[in-house]
Amino acid sequence: MRMPKHIWLALVGGLAGCDGRHSWLAGAGAEARLIEDLFWPFLIGAVAIWTAVMVFAVIAFRRRPKGSDERIGRAIILWGGGVLPAVVVAALLITGLLTLRAMASRPSALTVHVDAEQWWWRVIYETPDGKVFSANEIRLPLGKTTLLMLTSDDVIHSFWAPALGGKLDMIPGRTNRMTLTPVRTGRWGGLCAEFCGAAHAQMRFEVVVMEPDAFRDWLVAESEPAAPSALRMERGLSLFLDEGCAACHTVRGTQANGRVGPDLTHLAARGRIGAGLLALSDANLRRWITHTTDVKPGVRMPSYPAMPPDDLDQITQFLMALE
Amino acid sequence: MAAWQPPAGWRRISAVNNSLIGKWYLLTAFAFFGFAGVLALLIRTQLAVPDNDFLSMRFYNQVFTLHGTAMMFLFAIPIFEAVAILILPEMLGARDLPFPRLSAFGFWCFAIGGVFVCGSILFDAAPDGGWFMYPPLSSDPGQTGIGTDIWLLGLSFIEVASIAAAIELIVGVLKCRPPGMRINLMPLYCWYVLVVAGMILFAFPPLIAGDLLLEMERAFGWAFFDADRGGDPLLWQHLFWIFGHPEVYIIFLPSIALIATMLPALSRAPVVGHSWVVLSAIGVAFLSFGLWVHHMFTTGLPDISLGFFSAASEAVAIPTGIQIFCLLATLLVGRAKLSVPLLFAGGALAVFVFGGLTGVMVAVVPFDYQAHDSYFVVAHLHYTLIGGMLFPVFAAVCYWYPFVTDRVLSERLGRWSFWLIFAGFNITFLPMHWTGILGMPRRVWTYAEEMGWHGLNLTSTIGSYILAAGIAVLAFDVLRPKGRQSPAPADPWGAPTLEWAREVPRRPWGIRSVPVISSRYPLWQQPGLANEVLRGEWFLSDSPDADREMIVTDILDARPMFVQRVPGPGFVTILAAASLGAVFILATFHLWLAAVLAGAVFLVATLRWLWTGAGGLPSAPTRDCGRGLVLPLYASGNGSVGWWAMFITMIGDSTAFAGLVFAYVFFWTLHGSFPPPGTAPPAAVTLWLGTALLAGSWGMLVAASAAMSRRVVALCCCALAPLPAGAGVAVLAGAAWSAGLDPTRHAYDATVWVLTLWIGAHVAGGIVMQLYSWARLLARHMDADHDAELRNTVLYWNFLIVQAAATFALIGLFPLVSGGVP
């Protein structure tokens with residue numbers, strides 16, 4: 001019951017000019033496709049029922065009965081108001097429960113912990129060799145089911161990558177489990193769906209779906225300390241340590257081991273900065289460092305508007321070298 | 001009849017007539033609607049284009065929180081109460097509601113509380129945690145400032161007013177019907193008022209309990225929602241949505257009621273399937289309390305609970321469908337002419353049915369995994385609320401406008417406003433479904449262009465301005481001066497219900513004389529009735545004592561029981577509302593001493609209100625109502641309206657108490673061991689003693705009631721009963737104290753203390769009532785035949801003693817069987 005993709009894209013894409021990175025109907029995950037399979041029959045059924053009720057209402061309004069015929073009225077109440085909704089909701093309930101069961105019964109090949117913070121995402125991969133720390137970008141292998149362990153330490157957040165599957169809340173004191181099974185490679189959007197305070201609107205992330213081999217190589221690289229070429233940039237590194245960045249950020253292989261903010265060991269290998277906010281680029285990094293609170297009001301990281309241009313060059317070069 | 005005349009000049013604000021209070025209530029609710037509507041336009045303007053900086057993040061978060069809060073608490077629910085206060089008495093052929101001063105009190109609470117909550121935005125201090133205020137965000141004063149306290153305390157204050165109105169409306173429907181209007185002859189509107197007021201009674205108290213817990217955590221650090229100290233954020237979500245979902249039907253059912261009342265007049269036919277409508281309304285009310293978890297499908301609950309609540313959520317479509325089809329069948333068998341109210345009713349049908357269809361979609365759990373907290377849900381909820389509530393209310397405004405003002409609205413402007421509203425609404429909210437499907441979450445103050453949401457958002461913004469223009473046209477038509485228009489006919493719609501048997505111009509006493517009713521559509525089925533009523537040929541056409549009097553009947557068969565004298569205008573209700581408001585407002589700013597002083601003023605004002613009410617000894621034992629009907633002028637016990645009001649109040653009160661018990665049991669299920677290891681519960685022996693002392697006080701009160709014929713004994717019992725009561729509370733508090741319970745340490749300690757506090761506060765109220773009864777006896781306002789106050793006090797204590805026993809069982813006995821003691 002899946003409508004041809006191009007019809008849908010023409011319909012909505014034409015209206016909104018979208019790339020579908022956040023669309024429920026992008027079909028990038030098996031879980032999202034299960035829900036999409038519900039959507040189209042729901043839509044068609046709803047339009048049909050709505051039209052039927054409206055047509056009936058117009059007929060009821062225009063008809064001029066000769067005598068009072070309450071008997072017809074009662075039949076209409078019984079069939080239209082009682083039986084029809086009962087059949088429809090029973091069907092909905094059963095398909096919904098079957099879908100729920102289909103979503104729940106998938107064994108997982110990989111476990112990833114996602115811990116929501118105000119307003120970014122700590123990501124920890126479980127590997128046989130130990131934990132691999134990352135942030136704000138989640139990489140998943142194509143065709144494999146991944147178990148996400150969702151937690152939060154501050155307030156309630158909600159993990160949502162619409163192209164891949166539904167959302168699940170991250171609640172202090174609880175660990176919620178959710179599985180995702182990507183079926184299309186690419187960069188997909190994700191965001192926090194539960195209002196979580198000041199910068200909620202700008203708490204985003206990316207899900208990068210990769211071929212399993214590429215994913216394995218990437219995970220090995222991600223587990224390594226920072227690139228030697230970056231560590232050789234002494235001026236940039238010492239600025240990073242002296243300006244206080246290290247109090248919150250970790251760059252493995254240096255003295256920077258702050259845990260308050262995102263791990264930056266392989267920052268330059270990610271697609272975006274500021275929790276999914278800006279594309280990674282030299283210019284955007286400068287803007288982020290000097291105008292942090294303008295770009296993301298409420299963010300915990302302070303702005304460095306007065307940083308001398310030379311220092312800014314050095315620190316940006318250092319960060320861009322953290323591949 | 002001059003007794004019903006409200007005071008003139010500035011003293012008019014002391015009036016208590018339902019015709020005036022209802023009008024003020026309505027205008028105030030619409031004023032808050034306008035305010036919240038302006039906030040909505042601010043939201044839409046901000047979201048019109050990506051990366052907009054029209055509003056700051058901080059201000060936007062306040063705006064969307066206040067928009068939801070004001071629309072729900074200051075418009076959608078109060079409008080039900082306002083309309084009911086305005087038309088219910090006349091529809092029942094009653095002169096007023098049974099407690100006019102309570103209506104006035106409720107109105108003033110609503111106005112003061114609403115201005116307090118809304119005004120906060122002028123000081124950049126509005127609540128900013130979203131209208132459902134999830135902790136731990138809302139329980140952290142460092143993240144959500146004074147606005148959250150304003151929200152919690154301001155709305156608790158307004159909820160008190162809502163419950164007051166609900167009590168009054170229930171008693172009004174049950175006891176103030178005209179003679180002969182048996183419960184099966186009651187207009188559908190009255191059925192809905194009864195059902196909805198009953199829902200308020202069970203839905204609001206859990207939220208008040210939740211507000212209490214959350215404010216205690218914010219103000220004093222008590223541990224209820226903090227996971228590190230044994231609390232759980234989900235407790236709030238349960239308490240909030242046990243309120244929040246019935247609330248949706250509390251908003252929706254009265255609006256169906258309005259349509260069901262207008263439709264017979266507009267389509268010239270009685271409602272088809274009267275009893276189906278009644279049963280369905282009751283069915284919706286029951287189901288609505290069993291589906292709150294569908295707001296929590298994404299919190300990670302077990303699949304089995306998701307399945308259960310999904311089924312309940314789907315099931316509610318059936319009784320809703322029956323009600324809608326009853327109305328459609330009425331349209332079918334009738335001969336409807338197109339009029340502005342019917343146009344709005346048709347708009348309601350189109351919009352609400354669509355919202356209902358997306359509703360059964362989001363009740364499917366996996367579908368909700370995507371839809372939840374996205375713009376799809378924003379669209380869904382506006383379709384149900386605007387279709388299920390705003391369109392019917394606008395229809396009702398056009399329909400009852402002549403009833404309230406003796407003038408009619410313009411047909412042309414009415415059509416203009418309808419089509420603008422209908423088109424604007426759909427242009428705004430239909431695209432939002434797609435916006436949600438493209439992944440836009442709700443409550444975001446900005447979005448980036450690359451998200452691809454801007455085209456749809458701009459469309460919504462344009463629609464919202466068209467919608468606003470339509471509402472402005474309607475507002476202009478309602479408010480424009482119509483001095484030159486000749487008065488409307490008494491019954492312009494040829495309606496069947498009693499409120500149209502009215503005098504033109506409108507009089508403050510409501511119906512001219514109270515008739516005997518023997519049919520569901522009296523003005524259609526009892527020919528000549530309107531004229532007989534207007535000529536004063538029926539009961540109680542005048543009062544020889546120049547008192548405000550109304551007939552009280554029994555619940556099922558509406559047999560006349562007695563004549564109730566109701567109080568006239570007074571400033572004491574305004575003083576009571578203002579001082580109670582001051583208690584809440586001062587507590588918001590932690591001005592505890594001033595709050596206590598305001599509380600004292602409130603106590604004095606309330607006692608004076610009761611003392612000067614119309615419940616004193618009557619001048620004569622009976623009143624001749626005309627046509628040979630002679631009725632007593634006094635009633636006490638379960639015949640009197642006061643007893644019923646107390647009974648209903650205590651049902652609501654017990655529901656709030658049940659919310660606290662729920663918290664305790666919820667924590668127990670969460671922890672397995674509750675009290676937690678290392679904490680001992682208060683000593684059972686001490687709890688026994690405290691509860692026994694309270695029972696002793698209750699026993700003395702019962703003895704006083706039994707010994708009313710021996711005045712000295714009754715006086716002694718009332719005077720001495722507070723002693724064991726006070727001692728009992730001291731012992732209970734001492735038990736918690738000596739067990740070393742510290743409410744800031746763990747959720748167990750906090751829950752035990754809040755239960756103790758609850759009982760303590762209720763005993764304090766009970767002692768005031770004991771002393772009040774004693775004073776009434778002493779002043780000879782009560783004797784063996786006139787003992788209403790004492791019997792109401794006993795009734796209060798009956799409930800109190802049950803709550804105390806339940807608390808004892810929970811704190812003292814439950815840990816013994818649940819294995820909580822280490």
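Residues 107–221 of chain A make up a strand-rich stretch, at 53% strand and 9% helix, and the C-alpha atoms at its two ends sit 26 Å apart. The UniProt annotation for these residues, from an unreviewed entry, reads "domain: Cytochrome oxidase subunit II copper A binding". All of this comes from a predicted model. For the complex, the predictor reports a pTM of 0.96 and an ipTM of 0.95. Chain B comes with an average pLDDT of 94, and 99% of its residues score at least 70.

Taken in full, chain A holds twelve strands and nine helices. With 323 residues, the globule rule gives 20 Å, but the radius of gyration of chain A comes out at 26 Å, well over that figure, so chain A is more spread out than a compact globule. The C-alpha trace of chain A spans about 95 × 45 × 40 Å along its principal axes. As for burial, 42% of the 323 residues of chain A count as buried. Looking at contacts in chain A with a separation of 6 or more, 64% are between residues 24 or more positions apart.

One residue worth picking out is R300(A), which falls in the loop that runs between α8 (292–295) and α9 (309–320) of chain A. R300(A) has 16 other C-beta atoms within 10 Å; a residue needs 20 or more to be buried and 12 or fewer to be exposed, so R300(A) counts as partly exposed. In sequence, R300(A) is 182 residues away from Q118(A), yet their C-alpha atoms are 8.0 Å apart in space.

Conventions
Residues numbered from 1 in each chain as written. Chains lettered and ligands numbered in written order. Predicted model: local features only at pLDDT ≥ 70, side-chain atom pairs only at ≥ 80, totals over all residues. Helix = DSSP H or I, 4+ residues; strand = E, 2+ residues; numbered from the N terminus. Rg over C-alpha atoms; globule rule 2.2 N^0.38 Å. Contact = placed C-beta atoms within 7 Å. UniProt positions renumbered as here; feature names shortened; annotations may be inferred. pLDDT = per-residue confidence, 0-100.
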